[in-house]
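Got your viewer open? Load the model and follow along, one selection at a time.

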Amino acid sequence: MIIGIGTDLANIDRIQGTLDRFGDRFRNRVFTDTEQAKAKRRVEEASTFAKRWAAKEACSKALGTGLRMGIKWRDMAVSNIRTGQPVMEVTGWAEKRLAELTPPGHEAIIHVTLTDDEPWAQAFVVIEARLVANPASSA
Ligand SMILES: CC(C)(COP(=O)(O)OP(=O)(O)OC[C@H]1O[C@@H](n2cnc3c(N)ncnc32)[C@H](O)[C@@H]1OP(=O)(O)O)[C@@H](O)C(=O)NCCC(=O)NCCS
């Protein structure tokens, strides 16, 4: 079953402006080392960060919290598997919130998809709760 959805649209030029103004302070506050390494390898650093910014906002909506004061952006992190598909990992407060949302006997799976087309970057997040197979009950 679906237990959360979230979406966000981020402006790449605005992210570029923030990078120009705050540089590493912004990078380190919001993005994990993995996210920063991916952006650094690319010509389009701002669009890579904008997609991940949108993903974090979308994830906070799917978790039902939004971006409250004090939440840690780095606790919602995007990485990519070998095919390029993005994966969202949550730690800290976000992991705790996900556990609270997940019904007993289920595991939560976070689905994320990203796109960008200058000047916009967009993300959708869907959180699925999947029944954990119980080998004893299928015997
Ligand atoms: C996936 C693909 C359609 C993206 O289209 P695009 O118009 O170039 O780019 P978009 O702005 O719409 O989307 C980019 C995002 O798509 C996502 N994406 C990339 N590959 C993906 C995949 N296999 N499955 C799902 N999402 C994927 C990523 O999140 C990417 O952003 P990121 O790299 O910053 O994380 C295109 O890159 C593609 O067809 N790639 C081929 C995959 C490939 O060759 N893989 C080789 C390894 S097996």
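The stops below go from the whole chain down to single residues.

**Before you click.** This is a predicted model, so to speak of local features a pLDDT of at least 70 is needed, side-chain atom pairs count only at pLDDT 80 or more, and totals for chains, interfaces and linings use all residues. Residues are numbered from 1 along each chain as its sequence is written, and side-chain values use heavy atoms, with hydrogens and water left out.

**Whole chain.** Start with everything shown as a cartoon. You should find six helices and five strands, in the order β-α-α-α-α-β-β-α-β-β-α from the N terminus. Helices here are DSSP runs of H or I with at least four residues, strands are E runs of at least two, and both are numbered from the N terminus. The C-alpha trace spans about 60 × 35 × 25 Å along its principal axes.

Of the 139 residues, 42% count as buried; buried means under 20% relative accessible area, exposed over 50%, and partly exposed in between, with a 1.4 Å probe and protein chains only. Switch on the surface: about 8100 Å² is accessible, and 52% of that belongs to carbon and sulfur atoms. These areas come from the Shrake-Rupley method with a 1.4 Å probe, and for residues only the protein chains shown count as cover.

**Helix 1.** Select residues 12–22. Which residues of helix 1 are buried? They are I12, I15 and L19. Look down the helix axis: these buried residues fall within an arc of 60°, so they line one face. (The arc is that of the directions from the helix axis to the C-beta atoms.) On the face turned away from the buried side, pick out the exposed residues D20 and R21. Now add the cover over the buried residues, which includes strand 1 (2–11), helix 2 (24–30), helix 4 (45–62), strand 4 (106–117) and strand 5 (120–131).

**N11 and the cis bond.** Next, click N11 in strand 1. Leaving out residues up to four places away in sequence, N11 touches P119 and W120, where a contact means heavy atoms within 4.5 Å. Move over to P119, in the loop between strand 4 and strand 5. The peptide bond from E118 to P119 is cis, with omega near 10°. As background, most peptide bonds are trans. Back at N11, draw a C-alpha to C-alpha distance to K51: the two are 40 residues apart in sequence and 9.2 Å apart in space.

**R42.** K51 turns up again at this stop: R42 touches T48, K51 and R52, not counting residues up to four places away in sequence. You'll find R42 in the loop between helix 3 (33–40) and helix 4. Is R42 buried or exposed? In between: R42 is partly exposed, with a relative accessible area of 31%.

**D8.** Go back to strand 1 and select D8. At 11% relative accessibility, D8 counts as buried. Beyond residues up to four places away in sequence, D8 touches W53, A54, E57, A58, K61, A121, Q122 and A123.

**The aromatics.** W53 leads to the last stop. Select F26, F31, F49, W53 and W73, which form one aromatic cluster. How many aromatic pairs does a search of the whole structure find? It finds four. Rings of Phe, Tyr and Trp (its six-membered ring) pair if their centres lie within 6.5 Å; planes under 30 degrees apart count as stacked, over 60 as edge-to-face and the rest as tilted.
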